[in-house]
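Q: Please take a close look at one part of this model, the surroundings of a bound metal ion, and then work outwards from there. I would like the cut-offs spelled out as you go.

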Amino acid sequence: MYKAKAYAASSATSPFASTTIQRRDPAEHDVQIEILFCGICRSDVHQARNEWANVMPTVYPCVLGHEIVGRVTRVGSAVTKFKPGDLAAVGCLVDSDGTCPECKAGFEQFCPNWVGTYNFPDKHLGGVTFGGYSDSIVVTERFVLRVPSNLNLAAAAPLLCAGITTYSPMRHWGVGKGKKVGVVGLGGLGHMGVKFAHALGAHVVVFTSSPGKKGDALCLGADEVVISKDANEMNKHAGSFDFILDAVAASHDINAYINMLGRDGNLTMVGAPPEPLPVGVFGLLIRRRSFSGSLIGGIAETQEMLDFCGKHNITADVEVIPIQKLNEAYDRLVKSDVKYRFSIDMASLKSE
Ligand code: NAP
Ligand code: ZN
């Protein structure tokens with residue numbers, strides 16, 4: 001075991017503060033990574049504030065962060081894919097049983113024994129797993145990803161959650177040329193959804209509640225932008241979409257978007273508002289529409305997404321902050337005041 005520097009919150013209402021945590025020494029299949037950048041996901045905020053208490057209650061103190069890029073510092077004797085000095089990345093998953101049908105099919109995120117990067121039982125050290133708001137992490141090789149060398153590292157970090165969470169359902173539902181695709185909520189996930197849908201060749205329409213984001217949406221790759229409060233603009237698109245990705249973090253009228261789908265159209269929810277959303281069944285009966293959800297993505301697909309980003313030069317639009325601004329960043333994120341993802345420069349932790 002060794003001590004690592006980290007930022008932790010000690011309750012749902014406490015700010016994050018500097019601390020030290022225990023990390024395991026790398027065992028034979030482990031990779032130790034010096035964390036260079038870590039993105040701030042809205043899920044971190046839900047978790048820090050225990051907003052998902054009914055589904056996954058937070059264990060305190062919590063060290064969050066699951067959009068991790070860094071450099072390998074040590075590897076165990078059985079590690080074959082990484083050596084010290086290599087770039088490496090870790091997303092929302094750090095382990096799974098590797099033997100169940102989900103793991104065998106590449107869906108480690110649906111394994112009944114999956115281990116999340118934070119707030120999951122830590123089978124090595126007891127307590128819970130600690131995430132990327134830290135100077136290092138130790139992860140079994142199977143869950144460590146390769147980062148294409150042409151990508152800016154601060155801007156690549158958010159690919160590990162915002163990237164895969166939007167890429168995976170778009171691939172699953174066949175987003176591509178000739179498809180009309182909506183993206184609801186232009187935040188960290190939403191802006192990646194726009195970039196992927198555009199790169200895959202779809203006609204992309206952004207739905208935003210923030211009129212000030214219209215210009216950005218077009219620059220990011222949207223073909224059209226709809227201000228969701230404008231009923232006239234909304235009505236123009238009724239019944240016309242093949243696929244809509246909803247990345248909104250709060251309660252909203254989901255039926256307004258279901259009614260935008262054409263025949264066999266699908267609306268996939270990736271946003272995770274804590275409260276249930278009422279769904280009008282008739283909206284689904286008409287035109288055989290479907291409403292579904294999607295959770296991050298498996299390891300092989302995450303690597304596929306990173307390689308796709310390397311090929312198409314896709315990264316997140318980030319505001320890089322020192323870790324000392326973490327609490328301020330949380331407050332700004334809740335107010336949608338970030339374009340479009342915070343990425344923490346972990347070198348700032350050295351001075352703590
Ligand atoms: P974010 O950066 O805060 O973006 C959310 C966007 O939703 C905002 O930018 C805003 O877009 C819209 N929004 C926020 N509050 C709203 C409100 N009250 N009414 C209407 N629209 C609102 O968050 P994020 O990091 O992208 O995460 C989005 C959600 O996805 C969170 O709930 C997060 O926990 C969840 N998530 C799920 C997965 C998964 O695997 N399914 C993975 C990661 C995150 P506009 O200003 O454009 O309206
Ligand atoms: Zn996330």
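A: What follows starts at the metal site, moves to the helix beside it in sequence, and then turns to other side-chain arrangements.

The model is predicted, so local features are reported only at pLDDT of at least 70 and side-chain atom pairs only at pLDDT 80 or more, whereas totals for chains, interfaces and linings use all residues. Residues are numbered from 1 along each chain as its sequence is written, chains are lettered from A and ligands numbered from 1 in the order in which they are written, and side-chain values use heavy atoms, with hydrogens and water left out.

The zinc ion (ligand 2) is held by the SG atoms of Cys41 and Cys161 together with NE2 of His66, at 2.0 to 2.2 Å. Donors here are N, O and S atoms within 2.8 Å of the metal (3.2 Å for Na, K and Ca), and because water is not among the atoms, sites may look incomplete. Along the chain these donors follow the spacing C-x24-H-x94-C. Cysteine 41 lies in the loop between strand S3 (30–40) and helix H1 (42–48), and cysteine 161 in the loop between helix H3 (153–156) and helix H4 (162–172), so the pair ties together parts that are 120 residues apart in sequence. Helices (H or I, at least four residues) and strands (E, at least two) are DSSP runs numbered from the N terminus. Both cysteines are buried, with relative accessibility of 2% for cysteine 41 and 4% for cysteine 161; buried means under 20% relative accessible area, exposed over 50%, and partly exposed in between (1.4 Å probe, protein chains only).

Helix H4 is itself mostly covered, with nine of its eleven residues buried. These are Ala162, Gly163, Ile164, Thr165, Thr166, Tyr167, Ser168, Pro169 and Met170. The partners against which they pack are strands S9 (180–184), S12 (241–246), S13 (261–269) and S16 (341–345), along with helices H5 (188–199) and H10 (299–312), where contact means heavy atoms within 4.5 Å. After H4 comes glycine 174, with a positive phi near 70 degrees.

Two residues with numbers inside the ranges of S9 and S12 also meet through their side chains: the charged end of lysine 180 sits over the ring of phenylalanine 241, 4.6 Å from its centre. For such an arrangement, NZ of Lys or CZ of Arg must be within 6 Å of the ring centre and within 35 degrees of the ring normal.

Another cysteine, cysteine 111, is placed in the loop between helix H2 (101–104) and strand S7 (115–116), and at 1% relative accessibility this residue is buried. Apart from its neighbours within four places in sequence, cysteine 111 contacts Ser96, Asp97, Cys100, Glu102 and Cys103. Its C-alpha lies 7.1 Å from that of aspartate 97, a residue 14 places away in sequence.

Aromatic side chains form nine pairs in the structure, counted when ring centres of Phe, Tyr and Trp (its six-membered ring) lie within 6.5 Å, with planes under 30 degrees apart taken as stacked, over 60 as edge-to-face and the rest as tilted. One of them joins phenylalanine 16 and tyrosine 133 edge-to-face, at 5.6 Å centre to centre and 70 degrees between the planes. Phenylalanine 16 is in the loop between strand S1 (2–8) and strand S2 (17–23), and tyrosine 133 in the loop between S7 and strand S8 (136–140), so this pair ties together parts 117 residues apart in sequence. Both are buried, phenylalanine 16 at 6% and tyrosine 133 at 0%. Tryptophan 114 and phenylalanine 120 form a tilted pair, 4.6 Å centre to centre with 55 degrees between the planes. Phe16 and Tyr133 also belong with Tyr330 to one aromatic cluster.

Finally, the whole structure has 15 salt bridges, each a side-chain nitrogen of Lys or Arg within 4 Å of a carboxyl oxygen of Asp or Glu. Among them, glutamate 319 and arginine 332 meet at 2.9 Å, N to O. This pair links distant parts of the chain, since glutamate 319 is in strand S15 (residues 318–322) and arginine 332 in helix H11 (residues 326–334), 13 residues apart. Glutamate 319 is partly exposed at 27%. Aspartate 86 bridges to lysine 83 at 3.0 Å, N to O, and aspartate 86 is buried at 19%. A network of salt bridges links Asp95, Lys123 and Arg142.
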